[in-house]
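Trainee: I would like to go through this structure and ask why each term is used.
Mentor: Go ahead. We will set values against definitions.

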Amino acid sequence: MITRRQILKYSAFAAGAYLLPNHPFLRQAHAVALLSNAGLLSDPALQPKFVELAPNALDPAFLFRDLNSDGHPSKLPNFNVRLSETEQQTGLVNLRNKKKLSTRVWGYGNKTVSWPGQTIQVVSSSAGGADETVVRWRNELQSRQHLLPLDTNVHWCYSLHGEHSANGVDYRNFSIEENGVPISTHLHGGNSDFQFDGNPEFFYSPFARVTGPQWDFVSGGFTDRFRYNNNVPANHLWYHDHALGITRLNVYAGLAGHYFVRDEFDTGEVNNPLDLPAYPYELAYLIQDRMFTEKGALFYPAFPGDPAYADFITGEGAILPPELFPNGGPTALAEFFGDHIVVNGKIWPKANVEPRHYRLRLANGCDSRFMVLQFVAVDPNVTDPKHFSAGPALPFWVIGSDQGLGTARRTDALVFEPGGRYDVVIDFAQVPAGSRIIMKNLGGDTPFGGAFGDALAPEDLFDDRQTDRIMAFDVVRPRSSVPDNFDPGSLPSYAGVAGVATTRRVALFEGKDGFGRLQPLLGTVKDGNLNTQNVATAYAWFQPTTETPGADETEIWEIYNFTADAHPIHLHLVNFEILDRQEFEYQVTGSQPTPQHDGMMGEAPEISSVRKFSPAPVGPEYFEAAPRDMVVALPGNPEPESGNPTGQMVRVKARFNKSGQYVWHCHILSHEDHEMMRIFQVG
């Protein structure tokens, strides 16, 4: 990866690049120097830390008002939500004059839109709420170009064609310039009917002038008025765009927000039956990473000289034809790691808190970044961890995850995967008044393989990195008279998913597309004896469906990871129980061809002889004793110094309670946009 230090080092060679334009080193040096000379990249080390107040997504002022709500959880929810463009301040400053910069983003809202979108909060039907939430998602993104560099050579909304389009429409005739930005909003974790689930091929352009092919299979045809099941326990969901091939771009532009369901136990109100901290002692944060230009615009790498291009394109030997990739791009890259941490749209913010228990509802909205959370007390006058004396890690309670409360556990570190949500309670009374507590990140700035903290190598970290801190909590408010009765022992335990289950075997691969770019894929593993030749098959998004659970049936999915990295796997529709993990040996005996949407052929490894299974428990930094819709599929060691490669298999158990077409995918957004996503058909 090209670092900021290299950018400055290569700046002196910029003039020479004009004199020797065909010299590969100088072409690269010139591209990098242009980033520096144009002042393209904001320097995160020079941006303010812990100055801006973090917006609380559960503040009544941040909640969507519906037709029947005054800011409390909605019992008759009916929302009208626009998707549009706006500008907002993230806390970035112009380093020359110290004035605040504005950033152009896309957001969800009503009269005004924002990044993240305002919070939807509803009451479960079990607590007297409506049976469903109705949300009209109005696409008003009429921009004639995407806010970010768009690779039209991946399989995306306007590249569907031929047999892959299902309705005979040639989607190559459409473009953002002529037809606007397509969107498909997904309520992540929702138990939704399939036509309202945000399937990537249920996209639609502004005013629905172009609609995706799957709408042809819906009785009554297209609608932008989605209906969500409220007959569920309390949980923390989030909504974000899911349009085919551009999810990473639309979410990066700002299209994401929180969604909470409350029930008769977890009411969100003071004096709730579980004695959980409630507003203003319940805080909700969407944590993301970004890059910015010096002028405050969002920056997304896609061209030669951009960060990570050398790793994922030239370093992998990919060949990008100039007629398809003029000037070497824009191209999708295998992962994205930003150098600025953003919490609810603010860079490295802070919250002023009382010395008492607070409930933190945390969502990881990053493209690729796994974080490992830790809380430490520091000198409040110092913002740089290289210079403050951090105390020991403070203990905290993890009481729930994606789909609601689980079996509470005390810990001092928590692995936090992209797409995951965690319900954390921390006692700020365990430090003296006036203290500053930093929410740290022990995870690296590269793909996650299970290592963090002191186990990371220098090449896993940005130079002068600022991504090791997320936000601050300053214990400066006097304690109020509101009772603080939090007791983890009084919370319910997670009972798991009931029912007899059949077993299904699926797999994760890393291959290459038709241009030689890294392409992660999903696939299947054969039933029966695994100690044979060619036991696993990789598939692209558009190939025939292989996962077909019966309606209202329970299944155990064995997820085999044949890659070098961890993948956060998400199943739509269901919540599941994480059962256990096994490590295994395997062999790579060749390669298998993988069709591409454009008629080209890629390849994935041929896997044989899966054997020698043994238990592979995870450490206390993983929280899995809760209803989940995300699971971290950890890797083994695919390139040992001796012996056969190893992988890891994780088992999850779920009941598929609605019929229809849903998807499962890796929640590294750059992966799902490049074919690491498959349909499953229920019933």
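Mentor: Accessible areas here come from the Shrake-Rupley method with a 1.4 Å probe. This is a predicted model, and its chain exposes about 24900 Å². Carbon and sulfur atoms supply 49% of that area.

Trainee: How do you know whether the radius of gyration agrees with that of a compact globule?
Mentor: The globule rule is 2.2 Å times the number of residues to the power 0.38. For 683 residues the expected value is near 26 Å, and the chain has 24 Å, so the two agree. The C-alpha atoms fill a box of roughly 70 × 60 × 55 Å along the principal axes. Within the chain there are 7 helices and 33 strands.

Trainee: What makes a residue count as buried, and what percentage of the chain does?
Mentor: Buried means under 20% relative accessible area. Of the 683 residues, 62% count as buried.

Trainee: Why is the pair D193 and K658 called a salt bridge?
Mentor: The term requires a side-chain nitrogen of Lys or Arg within 4 Å of a carboxyl oxygen of Asp or Glu. Between D193 and K658 the N to O distance is 2.9 Å, so the pair fits the definition. D193 lies in the loop between β6 (185-188) and β7 (225-229), while K658 lies in the loop between β31 (646-656) and β32 (660-666), so the bridge ties together parts 465 residues apart in sequence.

Trainee: Are D193 and K658 buried or exposed?
Mentor: D193 has 34% relative accessibility, which lies between the cut-offs of 20% and 50%, so D193 is partly exposed. K658 has 18%, which is under 20%, so K658 counts as buried.

Trainee: What makes R505 and E558 a salt bridge?
Mentor: Their closest N and O atoms are 3.4 Å apart, and the limit is 4 Å, so the pair qualifies. R505 sits in strand β23 (residues 502-512) and E558 in strand β26 (residues 553-561), 53 residues apart.

Trainee: Why are R505 and E558 called buried?
Mentor: R505 has a relative accessible area of 19% and E558 has 12%. Each value is under 20%, so each residue is buried.

Trainee: How many salt bridges does the structure hold?
Mentor: The structure holds 41 salt bridges. Among the residues involved, R262, D266, E282, R359, R361 and D423 are linked in a network.

Methods
Residues are numbered from 1 along each chain as its sequence is written. This is a predicted model: local features need pLDDT of at least 70, side-chain atom pairs count only at pLDDT 80 or more; totals for chains, interfaces and linings use all residues. Side-chain values use heavy atoms; hydrogens and water are left out. Helices (H or I, at least four residues) and strands (E, at least two) are DSSP runs, numbered from the N terminus. Buried means under 20% relative accessible area, exposed over 50%, partly exposed in between (1.4 Å probe, protein chains only).
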